[in-house]
Structure formats: structure tokens, C-alpha cells
Amino acid sequence: MSTIRIIGIDPGSRSTGYGVIDSDGIRLAHVASGFVKSGAGDWAERLRMIYDGLDEVIDAHAPSELAIEKVFLHRNPSSALKLGQARGVAILAGARRSLAVHEYSPNEIKQAVTGKGHASKEQIQYMTRILLSLRGAPQTDEADALAVAICRAHLRGTSTRRERMMARAAGGFR
């Protein structure tokens, strides 16, 4: 299996985390991670800052897939709407570069990284540090974005193995 570069994105209205990893189906390697700060102020300008920041990251690291957290229900409708808009801008940044876009629920991401669908932020930080052999725990937005990328890498590997097994099985039934 060849190496694939994946960017994971944890959208936020003030800080959007990103994490870029390489995966060969067995090993994971940290490439880059951080966050795009959009701060406070005019909402349209903040969305532009998220888009421009992610566009720069995508340009610098040339991933071939983008993984992002699905929108989940939020207590505050206004916050949910803003999060959805930030998420849309992030998806657009990848789609404009023709990246395959994959969406995962928070529980899928936590399950793939920690083995528990209701893991804490600290558990996500710890496991991303361990799985990617990082020197220290990444900041929360960064760890969440790396977790999204790791989830994609794990589920991608499972899909690829399943497809190979199905192809072999179909060949035996001819």
C-alpha cells in the first residue's frame, strides 16, 4: 500500500485546528499541525481567515484527502450555525483543491483513536501524542484535528483491506 497524506480539520469559530499525517496503512507519521486563529470581529472576515489559513496549509503540505468532524447538535443554535459555516469553509478549501472529503462523527473519531466513543479531551491529546510519537501533548484544537486524520487513516485501511478481501472472494466464486 502506498503512503497517503491526510489533513484532519477540527472546525471552530475562533480557532480551527488542522493536523496533517502520512499513513501507509500500518504506520502513521506526523507531518504538521496547528491552528488557524480567526479571533473576534466581523464574521465574514473570520470565515475568510479560516479559508485562507487552511488554503495555505493545504498548499504547503499537499494532502490528497481531507477528513473533518461532522456537525453535532449544540445547545446554542447560534453557535451551531457558526460552527457549521466554519465547517463549510473548511470543506470548500479542500474541495477547491479536489481533495476527497470524508466526514466522521465525534464518537467515530474518539473510538478510532482511544477505543472509547466517549473519550475526554485529555485522552485524545494523550493518544495522538502516543500514536504519532510526538514529544509533547498537542494543544486541544490541534489534537482534535490530528485525531480526525488518524480516524480517516484507520478507517481507510479497514476499507482497503475489506475491498481486497471482497475482490478475492468474488474471484473464487466465478
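**Exercise 1.** Work out the strand order of the open sheet in this predicted model, and find which strands stand at its edges.

*Solution.* Start with the order: the 5 strands of this open sheet run β3-β2-β1-β4-β5, and the pairing is mixed. Now look at the ends of that list. β3 (28-37) and β5 (100-104) each have a single partner strand, so each is left with one side that has no neighbour in the sheet. To finish, check the twist: ignoring direction, neighbouring strands here are turned by 20° against each other on average.

**Exercise 2.** Say how β1 and β4 are joined, and name the bridge partner of Ile9 in β4.

*Solution.* Take β1 (residues 4-10) and β4 (residues 65-69): they run parallel, with 4 bridges joining them. Then zoom in on Ile9, whose bridge partner in β4 is Ile68.

**Exercise 3.** Which strands do α2 and α3 lie across, and at what angles do they run?

*Solution.* Begin with α2 (residues 77-95), which lies across β1, β4 and β5 and runs at about 175° to β4. Next comes α3 (residues 106-114): this helix lies across β4 and β5, at about 90° to β5.

**Exercise 4.** Place Ser98 and Ser133, give their phi values, and decide: buried or exposed?

*Solution.* Most residues other than glycine have a negative phi. Ser98, though, has a positive phi of about 60°, and Ser133 has a positive one near 55°. Where are they? Ser98 sits in the loop between α2 and β5, while Ser133 is in the loop between α4 (121-131) and α5 (140-172). Last step, accessibility, with exposed meaning over 50%: Ser98 has 66% relative accessible area, so Ser98 is exposed. Ser133, at 65%, counts as exposed too.

How values were computed
Residues numbered from 1 in each chain as written. Predicted model: local features only at pLDDT ≥ 70, side-chain atom pairs only at ≥ 80, totals over all residues. Heavy atoms only, no water. Pairing = 2+ DSSP bridges. Helix = DSSP H or I, 4+ residues; strand = E, 2+ residues; numbered from the N terminus. Axes fitted to C-alpha atoms, helices over the stretch in contact; angles between N-to-C directions. Contact = heavy atoms within 4.5 Å. Buried < 20%, exposed > 50% of the residue type's maximum accessible area, 1.4 Å probe, protein only.
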